[in-house]
Amino acid sequence: MHPREQTIFALSSGRPPSAIAMVRVSGPEAGPALTVLAGWLPVPRMATRTLLRDAGQQPIDDAVVLWFPGPASATGEDVAEFHVHGGRAVLAALFTALSALPDMRAAEPGEFTRRAFENGKLDLTEAEGLDDLIHADTDRQRRQALRQLKGLLGDRARDWRAQIIEASALIEAGIDFADEGDVPAELMAPALLKIKGLLAEIEEVLAAQGRSERLRDGLVVAIAGPPNVGKSTLMNALARREVAIVSPHAGTTRDIIEVQLDLDGYPVTVIDTAGIRETEDPVEQEGVRRARARAAEADLVLWLADAEHEKILHQGEAPVWLVRNKIDLDGGRSGATRAGGDAGRKGASAEFRISASHGDGLAELIAALVQFAQVYFGSDTGALIGRARQRKLLEEAVASLRRSTEVIGAGEELAAEELRSAAHSLGRLLGRVDIEDILDVIFREFCIGK
């Protein structure tokens, strides 16, 4: 039997031990498995308490079971759920009993969701939204993933694709009736009008998204600067816990330290890098090299300085904010001394005066980081795009639609081909055409049981 025809099972709840664990079974043998273990097939979609027994009639657990006959189930197949006590021994006994049944095997990562996708229960954007929702660390990530899971992008893409097909049908009809006098012209005008309207609509969606797909990975902020200016102290202050070693000795930080923060719902990765200076120590030299490379890849660089170090030694495309630390030692006043409320603007420079050890000026710095994130990611109130793959395919569709408007008067066959290309891009977005090469990549990122 082909692996996709086999019945699969997996733990679909949290890691044991836990109060309750849910084991899901999907496939043609889900019903027989439930009958063997529970003793009968319960009423569909009704929670039923029963004593589970293995094939040798040895008790496994006092459990609650549910039965979802396909296609009215999460995967579109017959599905059984076992809600058992979440001890490791209980789960081991249940898994052993399920494994002993014919044509039954443990599920691979993402296999439940893939079967739901293949059975038309959700499109690829919804599947990606489910994965993003599972891995969401902040509230803004959760909201964006939930929009994906609700199918908001998929619904728009299906409507766009239907309109493209309608316009393509008009153009191809004009080609078929090319010898019928003014018939082609009568068909081309409404087709062109539909294409231009559709093009403007998709371009508007793309323009309104900002960097919404980057919300999955978050904003990367590098703390850089010479040794002993307080980079590790600032990292600990932002994280509100000790994640980096603080020492008065130069060169203490040799490797890159990262910490994930939630700033007003925005995911931010803060990087503490080695002090940048000339050194003869080969280990510290490697730390400096890595620090320069990581800072060059960051979205924002906080260049830390004190009274002894004024010069910024960073080169890169990302904006650099000068953060003067240790103001408690020179009697300086904290806060933003340049750019102020404009610090969030892309590419804007800013200057802050803080005391990382005492907390002076940190509130202003964090507020500016939140503002920068707001501008960087754009509005998330209606963000539809959650992944770079989705943006790329929408941009390909836009390019094809634009080319179709440019050639529609000179060559209807070329315009029809460009429309087919645009429809194909949206089909790939939804996962309905020519996407076998990327399915394995997407679904293997899922956790087991989903």
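**Exercise 1. Work out the strand order of the six-stranded open sheet in this predicted model, and find which strands sit at its edges.**

Step 1. Walk across the sheet: the order reads β3-β4-β5-β2-β1-β6, with mixed pairing.

Step 2. Look for strands that pair on one side only: these are β3 (48-53) and β6 (104-106), so to speak the two rims of the sheet.

Step 3. Check how the strands turn: from one strand to the next, the twist averages 30 degrees.

**Exercise 2. Describe how β1 and β2 are joined, then find the helices that pack on the sheet.**

Step 1. Strand β1 (residues 7-11) and strand β2 (residues 18-26) run antiparallel, and four bridges join them. In that pairing, I8 stands opposite S26 in β2.

Step 2. Now add helix α2 (residues 88-99), which packs on the sheet and touches β1, β2, β3, β4 (59-68), β5 (79-86) and β6. The direction of α2 makes about 150 degrees with that of β5.

Step 3. Helix α3 (residues 111-118) packs on the sheet too, touching β1, β2 and β6. Take the direction of β1 as your reference here: α3 makes about 135 degrees with it.

**Exercise 3. Which residues of helix α1 are buried, and how are they placed around the axis?**

Step 1. Go through α1 (residues 30-38) and pick out the buried residues: A30, G31, A33, L34, L37 and A38.

Step 2. Around the axis, they cover an arc of only 160 degrees, which puts them on the same side of α1.

Step 3. Recall the helix geometry: with 3.6 residues a turn, residues three or four places apart point the same way.

Step 4. See what comes after the helix: α1 is followed by G39, with a positive phi near 100 degrees.

**Exercise 4. Take R24 and E81 from the UniProt "binding site" list and decide whether each is buried or exposed.**

Step 1. Start with the record: an unreviewed UniProt entry lists R24, E81, K121 and K450 under "binding site".

Step 2. Place the two residues: R24 lies in strand β2, and E81 in strand β5.

Step 3. Apply the cut-off, as buried means under 20% relative accessible area. R24 has 15%, so R24 is buried. E81 has 12%, so E81 is buried.

Step 4. Look at the contacts, skipping residues up to four places away in sequence. R24 touches I8, F9, A10, S12, V79, A80, E81, F112 and G449. For E81, the partners are M22, V23, R24, V64, V65, L66 and F68. R24 and E81 therefore touch each other, given the heavy-atom limit of 4.5 Å.

Notes
Residues are numbered from 1 along each chain as its sequence is written. This is a predicted model: local features need pLDDT of at least 70, side-chain atom pairs count only at pLDDT 80 or more; totals for chains, interfaces and linings use all residues. Side-chain values use heavy atoms; hydrogens and water are left out. Two strands pair if DSSP finds at least two bridges between them. Axes are lines fitted to C-alpha atoms, for helices over the stretch in contact, and angles run from 0 to 180 degrees between N-to-C directions. Buried means under 20% relative accessible area, exposed over 50%, partly exposed in between (1.4 Å probe, protein chains only). The arc is that of the directions from the helix axis to the C-beta atoms. UniProt positions are given in the numbering used here, feature names are shortened, and annotations may be inferred rather than shown by experiment.
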